[in-house]
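Please look over the sequence and the structure shown below before reading on. The report then goes through one part of the fold at a time.

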Amino acid sequence: MEAVKGAVRRRLVARAGGIDLTQMHRVPDRLSWPLDRHLADPVARVGELRAQDPVSKLVTFMGMDIWLVTGDAEAREVLADLTSYSTDVRPYYGRSGAENGDIGGLGFTDPPEHTRLRKLLTPEFTMRRLARLKPAIDRIIEHQLDETEQVAAENDGVVDLAKTFAFPIPFSVICELLGLRDEDRETFRALGSARFDVTIGGAAIMGAVGESRDFLFAECARQRTDPGPGLIGQILREHGDEITDFDLGGLADGAFTGGLETSASMLALGTVVLLGRPDLYAGMATDPASVTPTVEELLRHLSVVQVAFPRFAKDDVVVGGHKVRKGSCVMVHLPGADRDPRTYAAGDRFDPSRATSSHLAFGYGFHRCVGAELARMELRAAYPALARRFPDLTLAVPAEELAYHAKSIVYGVESVPVRLHG
Ligand code: HEM
């Protein structure tokens, strides 16, 4: 999602005639406030805005109108619209298509290129293919629970679940999905953690993004002669002559940018929410029927992806009764839409008894998350395994004092220190 932030900034720069926003230390508050949160909740201003006008002009920034959509029906209308918007930032680099080394993956492509690439990827995410990953997912979770126990034993029973549970599980699952060799995973983990380490600064992050992407391009080239057991090998075996190493590397990279921080945040924040509701946490271990609704309600309630890929209007378009001018940027606020009381009776409350799977935490329409079912498999396996292994788990610091990410596109928490045995 750092790539998304960078791309948005660069696109705004291109539109604004060369003022370099990347040199700005902070994006101004009148543009970034919708990313603010209070613990699990969007700030109250989001709900107030939705009640007033679910589609509103946030700001005109360096000549570009930026709209914020906070209503559920309006969000679906924008996200499902195949023709009025573009998410393709590449023309604004002065280069386009496959020659562009900076951005790959589905999120930044429009139909028909998007349709072509997505068609190659979706068969890898059917329930049948994903079922083959289930034993590996269970093994990875058990391994991380062992590590959690071991680290805690060396630290008076206290351990940071972000480090031993929330981040490593989706990381290893994506390596397994792609079919990376065991010996390459450590190298990639080092590149990956630099890439997602917000403390190392923008330039270093961009460097790490480049290096980990180069690693994946090289891996795709290597698997062309020796296809591995995972997604990369499978696409090469079935469609090798239809896809370049660049495009395949972009798809593999998209699995990391789309699937790592998002799933890690859900595991970390979701655990914090569950520990605040001991009945639900215990239910994860003892009441299998409660798992799916609780996971769906956590997805809706947390909506960790705070804004969908920015949509740029290709023509004038009317949304929620407003005329959005050609060239404007439309930001769909997913937590805002997911708490819209016109759609969800629970609104701002966390209430698994009213859970639905048709929330917008995975987006909607043709850019909807390809990894949604994989993410669900991970969450439905990981929370119960945690609760079974550590039924007396408690937070080691109050939930209000955890270090939550400020203004990040994927909302999350820096660390989750817990006591394993109460
Ligand atoms: C709980 C975990 C996850 C959440 C909350 C999440 C959320 C999202 C959302 C909201 C979008 C759509 C953005 C938009 O329409 O603008 C998206 C797209 C995407 N996600 Fe996920 N995601 C998760 C896990 C994953 C996983 C595990 C993978 C792959 C391994 C993945 C891969 C992708 C890709 C490739 C896209 C782009 C799809 C396209 O543009 O057609 N995601 N995700």
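What follows describes a sheet, a helix that packs on it, a buried residue in a loop, and a site with iron.

**The sheet**

The model is a predicted one, and the description begins with an open sheet, in which 5 strands are arranged in the order E3-E4-E10-E7-E5 with mixed pairing. At the edges of this sheet are strand E3 (55–61) and strand E5 (85–86), each of which pairs on one side only. Helix H4 (residues 72–80) packs on the sheet, where it touches E3, strand E4 (64–69), E5, E7 and strand E10 (329–332), and the direction of H4 makes about 125° with that of E10.

The table sets out three of the strand pairs, with the direction of each pair, the bridges that join the two strands, and one pair of bridge partners.

| Strands | Direction | Bridges | One pair of bridge partners |
|---|---|---|---|
| E4 and E10 | parallel | 4 bridges | Ile-66 and Cys-329 |
| E7 and E10 | antiparallel | 2 bridges | Phe-312 and Cys-329 |
| E5 and E7 | antiparallel | 2 bridges | Tyr-85 and Ala-313 |

Cys-329 of E10 is thus a bridge partner of Ile-66 and also a bridge partner of Phe-312. Within E10, Cys-329 and Met-331 point one way while Val-330 and Val-332 point the other way, and all of these residues are buried.

**The loop between H16 and H17**

The loop between helix H16 (334–338) and helix H17 (372–389) holds Cys-369, and Asp-340 is found in this loop too. Is Asp-340 buried or exposed? Its relative accessibility is 1%, and because a residue counts as buried when this value is under 20%, Asp-340 is buried.

When residues up to four places away in sequence are not counted, Asp-340 touches Arg-50, Gly-71 and Asp-72. With Asp-72 there is also a polar contact, in which a polar atom of the side chain of Asp-340 lies 2.9 Å from the backbone nitrogen of Asp-72.

**The iron atom**

Which residue of the protein is a donor of the iron atom of the ligand? Cys-369 is the only protein donor, and the SG atom of Cys-369 lies at 2.3 Å from the iron. As described above, Cys-369 belongs to the loop between H16 and H17, where Asp-340 is also found.

Terms used. Residues are numbered from 1 along each chain as its sequence is written. This is a predicted model: local features need pLDDT of at least 70, side-chain atom pairs count only at pLDDT 80 or more; totals for chains, interfaces and linings use all residues. Side-chain values use heavy atoms; hydrogens and water are left out. Two strands pair if DSSP finds at least two bridges between them. Contact means heavy atoms within 4.5 Å. Axes are lines fitted to C-alpha atoms, for helices over the stretch in contact, and angles run from 0 to 180 degrees between N-to-C directions. Donors are N, O and S atoms within 2.8 Å of the metal (3.2 Å for Na, K and Ca); water is not among the atoms, so sites may look incomplete. Buried means under 20% relative accessible area, exposed over 50%, partly exposed in between (1.4 Å probe, protein chains only). A polar contact is a pair of N or O atoms within 3.5 Å; within protein, one must be able to donate a hydrogen and the other to accept it, and residues adjacent in sequence count only if both atoms are side-chain atoms.
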